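Grab a coffee and work through these exercises on the model below. Try each task before you read its solution.

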Amino acid sequence: MPSPPRIIRATLPILSLVLLAKQHIASAFHSPTSHIIRPTSSPIASSSASPWRRRSAIPTRLLSTAEETDVASLIENHAAPLFEINRRRNLAIISHPDSGKTTMTEKLLLYGGALQQAGAVRMKGGQRGTASDFMEMEKERGISISATVMSFDYNTLHVNILDTPGHADFSEDTYRALAAADNAVMLLDAAKGLEPQTRKLFEVCRMRGLPMFTFCNKMDRPALSPYDIMDQIETEFGLETYPILWPIGDGERFKGVLDRMDNVVHLFDKAAIRGGKADVKQIPMSDTEALKAAINDEELFDKLLEDQEILEELIAPLDMERVMAGNQSPLFFGSAMTNFGVQLFLDRFCEMGTKPSPRFAFRKDEAAKGKKAVKESNQDEEEENELVPPEFEEFTGFVFKTQANLDPKHRDRLAYIRIVSGSYQKGMKVGHSRSKPSKRYNLGQAVTLFGSDRESIDIAYPGDVIGINNPGNWAIGDTLYTGNSKIAFPGIPSFSPEKFAYIRNPNPSSYKSFQKGIDQLLAEGAVQALRQRNDDGGGPLILAAVGQLQFEVVQARLKNEYGVDSDLEPIGYTLARWADGGWDAVDKADKDGKLFGIMIVQDIYKRPVLLFRNDWKAASVAEEVKYLELSPWSKPPSID
């Protein structure tokens, strides 16, 4: 029986889940003795390593069958069954704009069984739109504006794909999505190789310590030599590549790929119907006569034999430890548009990709009082020395994205939560990293996400991304948790904006709709809001964004989703710095004449922000007036 597409089938009654877990627990460890892996000491292991390097091994021991915890008990105590942890895979796709990222996502969904027919970024004729680009502006312009989550079952695994925006103006949303990922796929245009936005996002992935898979797309068009692409990656990134799928020709002569893992050639024919799967013929490399006849191009056949020999002799072997450490990247060639190599990539990723990883966090005993208590989530990074593994007995997760109006009819607000440890259970009560320790929130309903579509679930596990109704208190970077210890993962900072503009409502009669739209879009983090000092809401609102397109998105969404017009008036400043020294430090610097030509404003939390006209002025003030403690980013403060 084929597995059900798209949505994780986790809405079984608890009793059925327990029986299912007992049936599968032995196969999860490939051992007839059915052992469960548990941390050796504290459920949260200590480490002084950088919080961005998450590949550290977790000390474990095997419990005997007599010591083994009953699965029903695991569920009651929020711990996740290991077989559910082990079958999770998630990946974020990064690329420069127009490299085919959304098309690649759509074809992965097609071959994963989540779609019967793939859509198109730029629709023609009767083609349907893509599942991941659902906003009106995304459909009109053919670009991704917001990161989307697509969850589906594939064979025995549950896969979460995070499709991220490629345009630099929306890089902040991509950064947030990468915070939720365990694996990254770097998608390249085979005709162009490495491009500026790809370089920037690669550095973010390297900082996050993510294993990197590389897919060279658009081989159905004239392309660079595969050797040139490999050389670019190694020269610029210091990243060694290991070709898994090797191309046979390019452009109109692109015949297929050699899968070097089993030495089988896959020759493709275009799909009979638009948006359908490509026809494929498999021929072992050892069957040279049949292969030569099928390729039907003597030059390409000879080149394939030559390439195979060169790769075998000169390329270092695949080392999965190096892949997990970010020092080697499995390399694939194909064409998402024509479906060549997409399913092969999906199969290999499911084999090689890492399962949900442990994450560093702050931990505080909620019984602790006074000055001896551990600081909250605004601590410095060097104090982030608690490692939370997915096997931890309590539920933990963090908000990496908020979204308004997935269902425009109900004006809903969702918080996207990446589960780090334990299991989500319908109706559970959780603490909030920025709230008082005694405050608990009831998670009455959660949904799995498929673009703008969603489906209610009763249970979810580490590695999953779920949507929870946002009561208005949860911000990007917040942590939700169960148990007696407050846990807070490192916050996700807001980028320093570079574009500023006053936004005004030209129609006073639509004040309520305008204000509601602005409030919800600001809560998403689509843009940031600034006001004049001591302005409690009556004065002009300043929007701050990384790029100009963010302003256009806000105006378009105000019009399409809230039915209101808006006017923008640009302001001639190019960057912002938060003055962590506080208002007293700002007043002192202003009185001493150090802030001439600088605009002093406040953010939504009434913290001081300085707007500069150029980098030189910002650097000069930061060096000369150190007590201002200027910072290029901000995190939400505690709401205790």
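**Exercise 1. Are cysteine 205 and cysteine 216 buried or exposed, and how many disulfides does the structure hold?**

Step 1: start with the areas. Cysteine 205 has a relative accessible area of 0%, and cysteine 216 also comes out at 0%.

Step 2: apply the cut-offs. Buried means under 20% relative accessible area, exposed means over 50%, and partly exposed is in between, using a 1.4 Å probe and protein chains only. So cysteine 205 is buried, and so is cysteine 216.

Step 3: count the disulfides, meaning pairs of cysteine sulfur atoms within 2.5 Å. The structure holds 0 of them.

Before you go on, some ground rules: this is a predicted model, where local features need pLDDT of at least 70 and side-chain atom pairs count only at pLDDT 80 or more, while totals for chains, interfaces and linings use all residues. Residues are numbered from 1 along each chain as its sequence is written, and side-chain values use heavy atoms, with hydrogens and water left out.

**Exercise 2. Describe the chain as a whole: how many helices and strands are there?**

Step 1: count the elements. The chain has 16 helices and 35 strands; these are DSSP runs numbered from the N terminus, with helices being H or I of at least four residues and strands E of at least two.

Step 2: check burial. Of the 640 residues in the chain, 56% are buried.

Step 3: look at contacts, which means heavy atoms within 4.5 Å. Among the contacts with a separation of 6 or more, 73% are between residues 24 or more positions apart.

**Exercise 3. Where does tyrosine 154 lie, and which residues does it touch?**

Step 1: place it. Tyrosine 154 lies in strand β5, residues 148–154. With a relative accessible area of 7%, tyrosine 154 is buried.

Step 2: list the neighbours. Leaving out residues up to four places away in sequence, tyrosine 154 touches Tyr111, Gly112, Val159, Gln343, Leu346, Asp347 and Cys350.

Step 3: zoom in on aspartate 347. It is 193 residues from tyrosine 154 in sequence, yet the C-alpha to C-alpha distance is 9.3 Å. The two side chains are joined by a polar contact of 2.4 Å. A polar contact is a pair of N or O atoms within 3.5 Å; within protein, one must be able to donate a hydrogen and the other to accept it, and residues adjacent in sequence count only if both atoms are side-chain atoms.

**Exercise 4. At what angle do helix α4 and helix α12 pack?**

Step 1: pick the descriptors. Two packed helices are described by the angle between their axes and the distance between the axes.

Step 2: read the values. Helix α4 (residues 101–111) and helix α12 (residues 342–352) pack at about 75°, with axes 9 Å apart. The axes are lines fitted to C-alpha atoms, for helices over the stretch in contact, and the angles run from 0 to 180 degrees between N-to-C directions.

Step 3: classify. Under 35 degrees is roughly parallel, over 145 roughly antiparallel, 65 to 115 roughly perpendicular, and the rest oblique. That's why α4 and α12 count as roughly perpendicular to each other.

Step 4: name the residues. From α4 you get Met104, Lys107, Leu108 and Tyr111, meeting Val342, Gln343, Phe345 and Leu346 in α12. By class, this contact has 6 nonpolar, 1 polar and 1 charged residues. Here Ala, Val, Leu, Ile, Met, Phe, Trp, Tyr, Cys and Pro count as nonpolar, Asp, Glu, Lys and Arg as charged, and the others, Gly among them, as polar.

**Exercise 5. Is aspartate 163 buried or exposed, and what joins its side chain to threonine 102?**

Step 1: aspartate 163 sits in strand β6, residues 157–163.

Step 2: its relative accessibility is 1%, so aspartate 163 counts as buried.

Step 3: a polar contact of 3.4 Å joins its side chain to that of threonine 102.

**Exercise 6. Where is aspartate 169 found, and which residues does it touch?**

Step 1: aspartate 169 is in the loop between β6 and α6 (171–179). At a relative accessible area of 15%, aspartate 169 is buried.

Step 2: not counting residues up to four places away in sequence, aspartate 169 touches Val546, Gly547, Gln548, Leu549 and Gln550.

Step 3: aspartate 169 and glutamine 550 are 381 residues apart along the chain, with their C-alpha atoms separated by 6.6 Å.
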